[in-house]
Amino acid sequence: MKAIFLTLSAFFSLTMLGQNAVNNGLHQQLIETRANNSWQNFQRSTFTSDANDYIQHIQGELWNIENSEWNTEGQVFYTITADGYIDTVVNQQWDSATQGWVNSSNTIWAYNSNDQILLTSSQIWTGSAWQNVTKTSYTYNGQSQLASSLQQGWSVATNAWVDNVQTSYTNDSVGNATQSVSQYYNPVLGTWVLSQRHTNTYNTDNTISHNLVEANNSGVWVNSSQTNSFYENGKITEAITDMWINNVWSPYNRVTYLYNALGIKEQNISKVSVYPNPATDKIYVSAPETFKSVAVYGIDGKKHNLEASNNSVDVSSLSAGTYILLAETDKETGKVKFIKK
């Protein structure tokens, strides 16, 4: 499940608590870990959006060190409200034994009249039904700024919600959360215990440039991690996280963001389908209109010269990974992503 949750957390950090579904043209996210004084592939996520640039789907892959290749690991599906906010998120894991997708978890979002998050509730798939796991409620101050949140966990033993973590927020004049302080509930003592503090620094365009995480150690705040984020034209391009180890900041992971590889808006041609997906040898393309041309590109924008016949394309020569089918009809041009196993 690690791939899915990493993907979700990274996307949510870009969308200010996750409520706004606009993807800003994000195409791919690459996560690397630090090992042997160099960055090593770890996890890769490929994003699909609709014609309005609202997030629809994320495909997650993990790097296989032994085979030096990307392996399909998970996927995330989004449903969007009529006014462009995330409604539901469903996570699935790839089951290599059955060669099929298996439900993992889902999250449901609820909003107040100002389109701010009021409640998120998460469930896990037990194999036959969804079961409650956590829910988080949010409150706002008189300036409609985030003031606090309360996370509760579902107790199977008592069939009731129990307190887990509560967080209070401090905001600047424009509503950016400059600091948050979290406490966890100790059921044995029956009290809240300080646990973590986040301090954020922002650029002049209100994008976050630095996040410092501190842990509470017997009443003293000590460094835990820090993340520095970098932008171009208002879009995040890289985020590097360091861990505080032996009183020194040590590189831990790096996230790289890529946008619209082909310069064409992320959209599917109406009623087009590509199958099988993931594919092994051939992909078949079906649509109600006749294609004028079909081409396959890598996510880096490189065109692959492949043999095409009628409605099929031979992809057997491609390496495992994510690709883009660029199709053109008399009426429209669009992209469809597919996975080569």
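1. Buried means under 20% relative accessible area. Glu 214 has a relative accessible area of 9% and is therefore buried. The model in which this residue is found is a predicted one, and the points below should be read with that in mind.

2. Glu 214 takes part in a salt bridge with Arg 197, and the closest N and O atoms of the two are 2.9 Å apart. This contact joins distant parts of the chain: Arg 197 belongs to strand β12 (residues 191–202) and Glu 214 to strand β13 (residues 208–217), with their positions 17 residues apart in the numbering. A search of the whole structure gives 3 salt bridges, and the pair Glu 214 and Arg 197 forms a salt bridge. Two further pairs are treated next.

3. Arg 44 and Glu 61 meet through their side chains in a salt bridge, at 3.0 Å from N to O. Because Arg 44 lies in strand β2 (residues 38–49) and Glu 61 in strand β3, the pair ties together parts that are 17 residues apart in sequence. Are the two partners buried or exposed? Arg 44 counts as buried, since its relative accessibility is 10%. Glu 61 is likewise buried, with a relative accessible area of 1%.

4. Glu 32 forms a salt bridge with Arg 254, where the closest N and O atoms are 2.9 Å apart. Distant parts of the chain are linked by this pair: Glu 32 sits in strand β1 and Arg 254 in strand β16, and they are 222 residues apart. Both Glu 32 and Arg 254 are buried.

5. Which residues touch the most other members of the largest nonpolar core? They are Tyr 78 and Ile 86, in a core of 21 residues. Several strands each supply at least two residues of this core: β1 (26–35), β3 (55–64), β4 (69–80), β5 (86–95), β6 (100–111), β15 (235–245) and β16 (248–259). A second core, separate from the largest one, has 12 residues, among them Val 274, Ile 283, Val 296 and Tyr 323. As general background, nonpolar side chains tend to be buried together in soluble globular proteins.

6. Strands β1, β3 and β16 appear in both contexts. Each of them supplies at least two residues of the largest core. Strand β1 also holds Glu 32, and β16 holds Arg 254, whereas β3 holds Glu 61.

7. Two cis peptide bonds merit inspection. One joins Tyr 275 and Pro 276, with omega about -10°. The other joins Asn 277 and Pro 278, with omega about 15°. Where do the two prolines lie? Pro 276 is in the loop between β17 (273–275) and β18 (282–286), and Pro 278 is also in the loop between β17 and β18.

8. Backbone torsions at two loop positions also deserve a remark. Gln 99 is not a glycine, yet its phi is positive, at about 55°. Gln 99 is placed in the loop between β5 and β6. With a relative accessibility of 43%, Gln 99 counts as partly exposed.

9. Asn 159, again not a glycine, has a positive phi of about 55°. The loop that contains Asn 159 runs between β9 (146–155) and β10 (160–171). Asn 159 is exposed, its relative accessible area being 55%.

Methods. Residues are numbered from 1 along each chain as its sequence is written. This is a predicted model: local features need pLDDT of at least 70, side-chain atom pairs count only at pLDDT 80 or more; totals for chains, interfaces and linings use all residues. Side-chain values use heavy atoms; hydrogens and water are left out. A nonpolar core is a set of buried Ala, Val, Leu, Ile, Met, Phe, Trp, Tyr and Cys residues joined through side-chain atoms within 4.5 Å. Buried means under 20% relative accessible area, exposed over 50%, partly exposed in between (1.4 Å probe, protein chains only). Helices (H or I, at least four residues) and strands (E, at least two) are DSSP runs, numbered from the N terminus. A salt bridge is a side-chain nitrogen of Lys or Arg within 4 Å of a carboxyl oxygen of Asp or Glu.
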